[in-house]
Amino acid sequence: MVKREKDQEGMIVTCINASLEKKAKDITVIELKGLSAFADYFLICSGTSNRQVQAISGAIQDKMKEAGYLPRGIEGEAAGTWILLDYYELVVHIFYAPVRVFYDLEGLWSEAPKAQIEEEAVSIGSLAGAIRY
């Protein structure tokens, strides 16, 4: 069964913690509510190699499946330079760091509220307190 109730913070926290387990860098949450019809949030993070990007993606998929969330779609897994995981209201972008700079999603959505997870974080229990604006 696919969980689709709107526990958006729970979904985001699950993805962040899975990303942190695989040492993802520059974890950013962008709120798209009122700006986009296709998602309420983007979660963007980076890896330092294609293999790390793939490992981050695998960890997120595993943890989200355990929590009862299945993706609507997955793109880019084979190359490992930009993997997109579509969880309906949450879209996760996992970039190989130089590719992230090139596409600059944060700049593209510059009018949207953004928050970054503290670099020292190992895991988070909620978004509050783990974020710097």
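**Group meeting: cysteines, cores and aromatic pairs**

Okay, let's start with the cysteines. Take cysteine 45: its closest cysteine sulfur belongs to cysteine 15, and at 8.9 Å that is too far for a bond. Bear in mind that this is a predicted model. A disulfide would need the two sulfur atoms within 2.5 Å, and a search of the whole structure comes back with zero disulfides. Where do these two side chains sit, buried or exposed? Cysteine 15 has 0% relative accessibility, so it counts as buried. Cysteine 45 is also at 0%, so that one counts as buried too.

Next, the nonpolar core. The largest one has 28 residues, and the members that touch the most others are Ile16, Leu43, Ile60, Tyr87, Leu90, Val92 and Ile94. Which elements feed this core with two or more residues? They are α1 (8-21), β1, β2, α2 (50-66), β4 and β5. The biggest giver is α1, with seven residues. If you want one residue to click on, try isoleucine 16. Leaving aside residues up to four places away in sequence, isoleucine 16 touches Ile27, Val29, Leu43, Ile117, Ile124 and Leu127. There is also another core, lying apart from the largest one, with eleven residues, including Ile30, Leu32, Phe42 and Leu105.

On to the strands, and β4 in particular, since it pairs with two partners here. With strand β3 (residues 73-75), β4 runs antiparallel, and three bridges join them. One of the matches is glutamate 75, whose bridge partner in β4 is leucine 84. The β3 and β4 hairpin has six residues between the strands, and glycine 76 there takes a positive phi near 85°.

On the β5 side, how many bridges are there? Six bridges hold β4 and strand β5 (residues 90-96) together, again in the antiparallel sense. Leucine 85 stands opposite valine 92 in β5, and Val92 was on that list of core residues touching the most other members. This hairpin has two residues between its strands, and tyrosine 88 in the turn has a positive phi of about 65°.

Last topic: aromatics. Searching the whole structure gives six aromatic pairs. Let me pick out phenylalanine 38 and tryptophan 109. Their ring centres are 6.3 Å apart and their planes are at 70°, so the pair is edge-to-face. Phenylalanine 38 is in the loop between β1 (25-31) and β2 (41-47), while tryptophan 109 is in the loop between α4 (105-108) and β6 (114-117), so this pair ties together parts 71 residues apart in sequence. The two rings differ in burial: phenylalanine 38, at 46% relative accessibility, counts as partly exposed, whereas tryptophan 109, at 14%, counts as buried.

And the pair of tryptophan 82 and tyrosine 103? That one is tilted, with 4.7 Å centre to centre and 50° between the planes. It links distant parts of the chain, with tryptophan 82 in strand β4 (residues 82-87) and tyrosine 103 in helix α3 (residues 97-103), 21 residues apart. Tryptophan 82 comes out partly exposed at 27% relative accessibility, and tyrosine 103 is partly exposed at 42%. Both belong to one aromatic cluster, together with Phe95 and Phe102.

That's my tour, happy to rotate the model if anyone wants another look.

Methods: Residues numbered from 1 in each chain as written. Predicted model: local features only at pLDDT ≥ 70, side-chain atom pairs only at ≥ 80, totals over all residues. Heavy atoms only, no water. Phe/Tyr/Trp six-rings, centres within 6.5 Å; stacked < 30°, edge-to-face > 60°. Helix = DSSP H or I, 4+ residues; strand = E, 2+ residues; numbered from the N terminus. Buried < 20%, exposed > 50% of the residue type's maximum accessible area, 1.4 Å probe, protein only. Pairing = 2+ DSSP bridges. Core = buried A, V, L, I, M, F, W, Y, C linked by side-chain atoms within 4.5 Å. Contact = heavy atoms within 4.5 Å.
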